[in-house]
Amino acid sequence: PKFALGHTNLGIDLKDQGKLDEAIAAHRRALELDPKHFAAYNNLGNALLQKGQVGEAVVHYQRALEINPDSAGTHNNLGNALFIRGEVGEAIVFFKKALKHNPDYPDAHYNLANALSQNGQADDAIVHCRSERHASAVLNAIRGRFVQCGLQLHPTKTRIVYCKDDD
């Protein structure tokens, strides 16, 4: 392709096929064509993170956020990269920013709860939701993830305490 978006889309497809080196090259080409292409930075970060190049992924997520500071997904991605790098406190900051931009983002809620727990703040791992339906969905997602990890939520402490629907 002769335009940045085409290379970005190609990079996404290549990453999905597990061709990480080719995906990274496609995103880099997109950035050569358009140095301010937000999606190319974010997706390059994703491919680099999957390849284990965490430090470089962080740099590209940061650059994406310079271009689009309101991207909940990129804040969450950066939080994940920082968490992997062992910077749990900083990861918490970015998970909270993701939720500021999209309060209904289940992955960010889960990641924040996990990071708070890892940071010794398990009692602070409270999920704030906009509706009872959202709270139930998030609770089910967290419960499912715990099961995948061989863990379980505390049967009497884990609950929806108060919920007032927006409407």
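**Entry 1. Helix H7 and its cover**

I looked up what lies over the buried residues of H7, and found that the cover includes H5, H6 and helix H8 (132-148). I note at the outset that the model is a predicted one. The buried residues of H7 are Ala 108, His 109, Tyr 110, Asn 111, Leu 112, Ala 113, Ala 115 and Leu 116. I then checked the length of H7: the helix has 13 residues and reaches 18 Å from its first C-alpha to its last, close to the 18 Å expected at 1.5 Å a residue. After H7 comes Gly 120, and I recorded a positive phi for this glycine, near 80°.

**Entry 2. Helix H6**

I turned next to H6, which spans residues 88-101. How far apart are the end C-alpha atoms of H6? They are 20 Å apart, and this agrees with the span of 20 Å that 14 residues should give at 1.5 Å a residue. Which residues of H6 are buried? I listed Val 88, Ala 91, Ile 92, Phe 94, Phe 95, Ala 98 and Leu 99. The cover over these buried residues includes helix H4 (54-67), helix H5 (72-84) and helix H7 (106-118). H6 and H7 thus each appear in the other's cover.

**Entry 3. Salt bridges between helices**

I asked how many salt bridges the structure holds. The total is five, and I examined several of them individually.

The side chains of Lys 51 and Asp 21 form one of them, with N and O 2.2 Å apart. Lys 51 belongs to helix H3 (residues 38-51) and Asp 21 to helix H2 (residues 20-33), so that this pair links distant parts of the chain, 30 residues apart. Is Lys 51 buried or partly exposed? I entered Lys 51 as partly exposed, because its relative accessible area is 37%.

Glu 56 pairs with Arg 28, and the closest N and O atoms of this salt bridge are 2.5 Å apart. Glu 56 lies in helix H4 and Arg 28 in helix H2, so the pair ties together parts that are 28 residues apart in sequence. Glu 56 counts as partly exposed at 30% relative accessibility. Arg 28 is likewise partly exposed, with a relative accessible area of 33%.

**Entry 4. A salt bridge within H4**

I also looked at the salt bridge of Glu 66 with Arg 63, where the closest N and O atoms are 3.1 Å apart. Both residues lie in helix H4, three residues apart, about one turn of the helix. Why do residues three or four places apart in an α-helix point the same way? The reason is that an α-helix has 3.6 residues a turn. I then compared the two partners with the cut-off for exposed residues, which is over 50% relative accessible area. Glu 66 counts as exposed because its relative accessibility is 56%, whereas Arg 63, with a relative accessible area of 26%, is partly exposed.

**Entry 5. The protein as a whole**

I closed with the overall figures. The protein contains eight helices and zero strands, and from the N terminus on its elements run α-α-α-α-α-α-α-α. Of its 167 residues, 38% count as buried. I also looked up contacts between residues at least 6 apart in sequence, and 46% of these join residues at least 24 apart. The accessible surface comes to about 9800 Å², and carbon and sulfur atoms account for 49% of that area.

Methods: Residues numbered from 1 in each chain as written. Predicted model: local features only at pLDDT ≥ 70, side-chain atom pairs only at ≥ 80, totals over all residues. Heavy atoms only, no water. Helix = DSSP H or I, 4+ residues; strand = E, 2+ residues; numbered from the N terminus. Expected span 1.5 Å × (residues − 1). Buried < 20%, exposed > 50% of the residue type's maximum accessible area, 1.4 Å probe, protein only. Contact = heavy atoms within 4.5 Å. Salt bridge = Lys/Arg side-chain N within 4 Å of Asp/Glu carboxyl O. Areas by Shrake-Rupley, 256 points an atom, 1.4 Å probe, with all protein chains shown as cover.
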